[in-house]
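Subject: Structure handover

Hello,

Here is the structure I said I would pass on. My notes on it follow below.

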Amino acid sequence: MKSKQAGRLAAALSVMLLMLPGCGGVGDQPDLGQVSGTITLDGKPLSNIVVVFQPDSGRPARGRTDADGKYELTYIRDTRGTKIGHNRVEIAPSEEEDDPIAEEADPDTLEFKRPTKSRKAKIPARYNTQSELEADVQPGENTFDFELTS
């Protein structure tokens, strides 16, 4: 009886050991290239702009520009980079950081403040929804600067 239980335990352990290599690794993640750069519009750095690299197939990578217009792509969570190969690039204002006080009521008069004009940069459609931008990402470090014109 004990040898039968020991045999089952050995079989269960063997199955578990065979499954370990598939757990927790990078598994199906494609090879990535590290991408950074600067985005300007008419020579001025664009801040708080989202840049998306969309490969021909697979998950896109995203980045956001800082005050100097610099960005770095993130593939997923804490993984930097984007899929190697041809990518279509889209650049658009961030949907975050809209003016939060634009529609608040003034507590003294209970009147709504007039909505302020958005400070978001106007980026021509040829750089986002109808993007003409492309990038060929290589293994290792890549720098793609985009000098947009209005």
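F53 and F146 are both buried in this predicted model. F53 belongs to strand β3 and F146 to strand β12, and the aromatic pair they make links distant parts of the chain, 93 residues apart. Two aromatic pairs are counted in total. The other one joins F53 to F144: the ring centres are 5.9 Å apart and the planes stand at 50°, so the pair is tilted. F144 sits in the loop between β11 (140-143) and β12 (146-148) while F53 is in strand β3, so this pair ties together parts that are 91 residues apart in sequence. F144, like F53, is buried. The pair of F53 with F146 is edge-to-face, with 6.3 Å centre to centre and 70° between the planes. Through these ring pairs, F53, F144 and F146 are linked into a cluster.

Next, the strand that holds F53. β3 covers residues 49-55, and six of its seven residues are buried. It has antiparallel pairings with β9 and with β4:

- With strand β9 (residues 85-93), β3 forms seven bridges in the antiparallel sense. I49 stands opposite P93 of β9.
- With strand β4 (residues 61-64), β3 runs antiparallel and is joined by four bridges. Here F53 has A61 as its bridge partner.

As background, the side chains of a regular strand alternate between the two faces of the sheet.

β3 and β4 form a hairpin with five residues between the strands, and within this hairpin G58 takes a positive phi near 105°. R59 also lies in the loop between β3 and β4. With a relative accessibility of 40%, R59 counts as partly exposed, because the buried class stops under 20% and the exposed class begins over 50%. What does the charged end of R59 sit over? It is placed over the ring of Y75, 5.8 Å from the ring centre. Once neighbours within four places in sequence are left aside, R59 is in contact with Y75 and I76. R59 and I76 are 17 residues apart along the chain, and their C-alpha atoms are separated by 8.8 Å.

Then the nonpolar core. The largest one has 20 residues, and F53, Y71, I91, F146 and L148 are those with the most contacts inside it. At least two residues of this core come from each of β1 (32-41), β3, β9, β10 (133-137) and β12. In soluble globular proteins, nonpolar side chains tend to be buried together. L148 has a list of contacts beyond its neighbours within four places in sequence, including I39, L41, L46, I91, I123, Y127 and L133. T40 and D42 are also in contact with L148.

One polar residue is worth a note as well. N142 is in strand β11. Is N142 buried or exposed? Its relative accessibility is 7%, so N142 counts as buried. The side chain of N142 reaches the backbone oxygen of G140 at 3.1 Å. Not counting residues up to four places away in sequence, N142 touches G33, Q34, V35 and S36, along with D136 and V137.

To go back to the start, F53 is the residue to look at when opening the file: it is buried, it is in the ring cluster with F144 and F146, and it is among the residues with the most contacts inside the largest nonpolar core.

Regards

How values were computed. Residues numbered from 1 in each chain as written. Predicted model: local features only at pLDDT ≥ 70, side-chain atom pairs only at ≥ 80, totals over all residues. Heavy atoms only, no water. Buried < 20%, exposed > 50% of the residue type's maximum accessible area, 1.4 Å probe, protein only. Pairing = 2+ DSSP bridges. Phe/Tyr/Trp six-rings, centres within 6.5 Å; stacked < 30°, edge-to-face > 60°. Lys NZ or Arg CZ within 6 Å of the ring centre and 35° of its normal. Contact = heavy atoms within 4.5 Å. Polar contact = N/O pair within 3.5 Å; in protein donor to acceptor, adjacent residues only side chain to side chain. Core = buried A, V, L, I, M, F, W, Y, C linked by side-chain atoms within 4.5 Å.
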